[in-house]
Amino acid sequence: MDWRIARRLHAILRGFWRGPSARLAWSFTLGLTGFLILRLFVDVGFNHWNRWFFDAVGNRDGVEAGRAVCVFLALVASAAAVGVGIVWTRETLQVRWREWCTGQLLDRWIGHQRFLRMTRVENGLANPEYRISDDVRLAIEPLTDFAIGIFTAILAASIFIGVLWQVGGSLTLSVADVTLTIPAFMVIGAVVYGVSMSCLVPIAGRRLGAATAARNESEALFRARTIQLRESAESIALTRAEAHERGRLASIYSGLVGNWLAMVRQHCNVTWVMNANSAMIPTVPIVMALPKYMAGDLTLGETMQLASAFVQVQLAINWLTDNYRQVAEWFASARRVVELVEALEDLDSPEPGESHHARFVVHGGEALSMGALVLADRDGSDILEAGHATFRSGERVMISGEMGAGQSVLARALLGFWPWGSGYLSLPAGYETVIAHASPYLPEGPLDEAIQCPAPMGTFPSREIASALSACGLSHLVNRLEQKSRWMQTLSASEKQRCAIARLLLHKPGVIVLEDALSACDAAVQAELTRLVFEHCDASVIIDISNRPAPAHLYDRRFILTRSGDEPGKLKEVLGAGATPRLRSKRERVTSFP
C-alpha cells in the first residue's frame, strides 16, 4: 500500500463533506452510521437467540423452542428492514459522492483548456476520460464499502470479544501432572487465529495491486484504440490499412491478456488462503470449546453461542483477508485518479528550476496586446518570438508565413489557450474570444443547437440562424434546423467551415482568430465569406492567420512569420502600400445578412 496515494486521494475526496455538498454528505453518512449500529444490535440478538434456541433443543423444551422461533421471525424482519436502510443510504451516498467527484474532475480537466493542453504534452497522461468515467466509480464505491466494513468490524469485535470472554471463561488443561489454566482462551484463540490469517493474505497477494493497475491500463488503452478505429473508419478504409490496424489491436490485446493472466495468478495465490480460512472458521471454535463441552462446563447452547461469536470476531479481524482482492483493485483505480489530478495540476506548474519557463500573464485590458512575448513548448524550448504588438477593436490583421513557423501556436496563444512561454499577453476585458479553424466543432444534436454552440439552445431566434446559414451559402440546410444528426460526419469539410462562419455572424465575438478557417472553400467563396465577417463583425478584432493569398486592401495591418533552420519563428510587421498600420474608421454596424 502506497500511503502517499491514500493521503492524496483523501485530500481530493474529503471536499464532499465541506462546502455546498456538506449537508447532503453528512445527512447520508450519519444515517448510514445509524443503520449500521442497528444492524449490530440485530446481530447481537441473533447471537443470544442461538444460545436460547439450542438450550431449548438440548433440553427438549418444545414450548421454549416455539417461543424462540417466534422471536426469530421478528429478528429476521428487523434484519430485513435495517438491510434496506443500509442499502438505500449507502448506494445513495456512493452515487452523490461520485457525482460530486466527477464534477470536480470535469471542471479541472475542461477548465482552462487543460483537456487540450494535456494532448500537447509529450508523454502526457493516457486516457483521462476512462479515469474520470470508470476509475472514479471504482475508487469511490468500494471506499464506502470499506468504511462500512471497518466501522462494523471494530464494533463487532468489541462486542463479540466480550461474549467470548464472558461465556467461554478460562480453560484448564492437565498434561503430565501439570495443570495449565488459560484465561479467556476463546479470546486468545480468536485473536491469534485472525491475526495469523490476516498476515498470510498480503504475503500471498503482494503483487496483486500492481497486476490490477497494469490490467486497468491495458483495458483503457484497448478501448481508446478501438474508439480511434471507429472515428477514423473512412480514412483507414481509403488507405486500405485494415490489416495494419488489426495487427495493432491484436498486439495491444495480447498485452492485455498477459496482464489479465498475471492478475489471475495473484488471485490464485490469495484464494489458497481465503478458501482455507472460509472452510476452517466454522469448525475451529467448536474444536476449541469441545473440551469444556465434554466436561459439562458448557451447554450446547453456550457452545453454539461461542461458535457464532467466534465467527463474528473473525469477520472483524479478517476483514482485510476477506477483502484483500477488492482493496487491491480499489487501490489500482485510486492511483489512476490521483495520477490524473496530479497531471492536471502539473499543467499549471512550471518545471522546477526552469526560470525561463515562466508562463506569460493573461489579464484584462482595453485592447489585445502582447509584450516581449515568446512562446515555448512544455519543456521550455522556444517556438515563436512574437515580440510587441497591439490590436484594437475594429482592426483587421493578416498574419501569413512559412509552414511550421508557429502559426497554430500563435493562434492559440492569442486566445489564451497556450500557457507556456514568457512575456505578457493582454486580452480585452470582458471580450469573448473565438478561433475559427479548418476543422470546426459541431456537436451532435439538432442543427440549430450546433450552430448556436457554445451559447445555450434558444439564444438566437430560428430566423437569425436561417439568415446566417443562407448568407454563408447553406440555404439547403435551413429546413434541417430541427433535425438531429452527427454533423461532424454528415457535413462536408466546406459545409462545416461555412457553419463556423455562420456561428461568427451570430455571436459577433470581440476577438476573432481565423486559422485557415476557409481552406476547404474555393478562392471566390473565401473572399466573399471573409468580406462578410469583416462587415458584420465590425467592432471585433479580427486576426486572419493563413497561407492563402488575400487582397491587401482588406486588411489594416499585415505580419509575416519566418523561420530559419532550428531557430524559433519570428513575427514581423510588414509596412508598405495597402498595408500601413491604421485604425479603420467606425463602420456602420450590420444588422441584417445579405
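1. Which helix is D134 found in? D134 sits in helix α5, which covers residues 128-168. Keep in mind as you look around that this is a predicted model.

2. Is D134 buried or exposed? Its relative accessibility is 16%, and the cut-off for buried is under 20%, so D134 counts as buried. The D134 side chain also has a polar contact, at 3.3 Å, with the side chain of S133.

3. Now jump along to strand β11, residues 511-515. Five of its five residues are buried, so the strand is largely enclosed by the rest of the structure. You can check this face by face: V511, V513 and E515 lie on one side, I512 and L514 on the other, and all of them are buried.

4. Who are the neighbours of β11? One is strand β8 (residues 433-437), which pairs with β11 in the parallel sense over five bridges. If you want a spot to start from, find T433, which stands opposite V511.

5. Strand β12 (residues 541-545) is joined to β11 as well, again through five bridges and running parallel. Here L514 has D544 of β12 as its bridge partner. To get from β11 to β12, the chain passes through helix α18 (residues 523-536), and this β-α-β crossover is right-handed.

6. Have a closer look at α18 itself. Its 14 residues should span 20 Å at 1.5 Å a residue, and its end C-alpha atoms are indeed 20 Å apart, so the two values agree. Its buried residues are V525, Q526, L529, T530, L532, V533, F534 and H536. What covers them? The cover includes β6 (396-401), α15 (462-471), α17 (493-507), and the strands β11 and β12. In other words, the two strands that α18 links in the crossover are also among the elements covering its buried residues.

7. Helix α9 (residues 242-280) is worth a stop too. With 39 residues, α9 reaches 55 Å from its first C-alpha to its last, close to the 57 Å expected at 1.5 Å a residue. Don't picture a ruler, though: α9 has a kink of about 30°, centred on T271.

8. Finally, try reading the buried residues of α9 in order: E245, L249, I252, L256, M263, Q266, H267, V270, V273, M274 and N277. Here's a handy idea to keep beside that list. An α-helix has 3.6 residues a turn, so residues three or four places apart point the same way. Try it on E245, L249, I252 and L256, which are among the buried ones.

Conventions: Residues are numbered from 1 along each chain as its sequence is written. This is a predicted model: local features need pLDDT of at least 70, side-chain atom pairs count only at pLDDT 80 or more; totals for chains, interfaces and linings use all residues. Side-chain values use heavy atoms; hydrogens and water are left out. Buried means under 20% relative accessible area, exposed over 50%, partly exposed in between (1.4 Å probe, protein chains only). Helices (H or I, at least four residues) and strands (E, at least two) are DSSP runs, numbered from the N terminus. Two strands pair if DSSP finds at least two bridges between them. A crossover is right-handed if, with the strands pointing away from the viewer, the path from the first strand over the helix to the second runs clockwise. The expected span of a helix is 1.5 Å times one less than its number of residues. The bend at a residue is the angle between axes fitted to the seven residues ending there and the seven starting there. A polar contact is a pair of N or O atoms within 3.5 Å; within protein, one must be able to donate a hydrogen and the other to accept it, and residues adjacent in sequence count only if both atoms are side-chain atoms. Contact means heavy atoms within 4.5 Å.
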